[in-house]
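Dear colleague,

I am handing over the structure we spoke about, and below it you will find my notes on the ligand site. Please read them with the coordinates open beside you.

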Amino acid sequence: MDAEQWEQIAVDIAREAGALARRRRAEGVAVAATKSSLADIVTEADREVEQLIRDRLAEARPDDGFLGEESDPRVGTSGVTWVVDPIDGTVNYAYGIPHYAVSIAAVTGEPVPGAWEAQAAAVYSPVIDELFHARRGGGAWLGERRLEVSRVTDAGALLATGFGYDPATHDGDLARVRRMMVLARDLRRGGAAALDLAYVAAGRLDGYFERGLKPWDHAAGALLVTEAGGVVGGRPGGAPGPEMTVAAGAALFARMQDLLDE
Ligand code: LIP
């Protein structure tokens, strides 16, 4: 099996999982638990959707590993690991804000950002029925439209960011926003990293930066960006991860990293 088949698996499962998430949202959503902080919530739908994804992947790819937000990791024997956020934008989902996505990526190598090689990705926004997908070397697509990052280089960029659930990190996050505003025409805070990255790939955002992301938040979206001709990284020279995730076209990416590290 190759990346094209993994991409199709990700697309098919993301679509089915997104439909389940949307149905559960319409039936009413309750917070099942809080995790790292009061703001860091999980709903029963997050858990149910992740279980559906795990079940479908086990049927299609029984020897693969699994790394998801809401359940225990599984080490596979095939060299392929599926990195999954069942509902990215959980707070939006819980509040009924229709901006959330199912994020599924297939990676090879050690399932750690910076060590893995992303092979295929699907990010599905079920309320507006937009499915972003990519495979390594095959380009990034929204449906049948090939995606390309914007060519904006500096002042006048539409940037997106986010803030972690830990209030103790907000001063640093806000100071970083202040430094980045020299580049920005405006700022967006969508609340779903996978869609922020998908929108950079689609040229709907010129750049995105956020501290505190988990592997499942960025695994699929990062491949969309690089297959759309963009660059994704973390701290200067580093991989995307909890310290920082930055995504943009090459010229803007360099300017953003300069400012992030001041
Ligand atoms: C969310 C990210 C978002 C970030 C939130 C949270 P979740 O993921 O998509 O960009 O700002 O703090 O990490 O928790 O909804 O899967």
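What follows describes the surroundings of the ligand.

Please bear in mind throughout that this is a predicted model. The ligand sits in the largest pocket, where it is surrounded by 15 residues, the closest of which are D88, G89, R189, A193 and E210. By character, this shell divides into six nonpolar, three polar and six charged residues.

As for secondary structure, the elements that contribute two or more residues to the shell are β4 (80-88) and β12 (207-210), and β4 provides the largest share, namely three residues. At the level of domains, both domain 1 (3-146) and domain 2 (157-260) give residues to the shell, so the ligand lies between them.

Three side chains place polar atoms close to oxygen atoms of the ligand, and each can be checked directly in the model. For D88, a polar side-chain atom lies 2.6 Å from a ligand oxygen; for R189, the distance from a side-chain N or O atom to a ligand oxygen is 2.7 Å; and for Y165, the corresponding distance is 2.9 Å. Taken alone, the ligand exposes 380 Å², of which the protein buries 95%.

With best regards

Technical notes. Residues are numbered from 1 along each chain as its sequence is written. This is a predicted model: local features need pLDDT of at least 70, side-chain atom pairs count only at pLDDT 80 or more; totals for chains, interfaces and linings use all residues. Side-chain values use heavy atoms; hydrogens and water are left out. A residue is near a molecule or strand if one of its heavy atoms lies within 4 Å of it. A polar contact is a pair of N or O atoms within 3.5 Å; within protein, one must be able to donate a hydrogen and the other to accept it, and residues adjacent in sequence count only if both atoms are side-chain atoms. Accessible areas come from the Shrake-Rupley method with a 1.4 Å probe; for residues, only the protein chains shown count as cover. On a 1 Å grid over the protein atoms alone, a cavity is a set of points where a 1.4 Å probe fits but cannot get out, and a pocket is an open set with protein on both sides within 12 Å along at least five of seven lines; lining residues have an atom within 4 Å of a point. A molecule sits in a cavity or pocket if more than half of its atoms lie within 2 Å of its grid points. Helices (H or I, at least four residues) and strands (E, at least two) are DSSP runs, numbered from the N terminus. Ala, Val, Leu, Ile, Met, Phe, Trp, Tyr, Cys and Pro count as nonpolar, Asp, Glu, Lys and Arg as charged, and the others, Gly among them, as polar. Domain bounds come from an automatic or database domain assignment.
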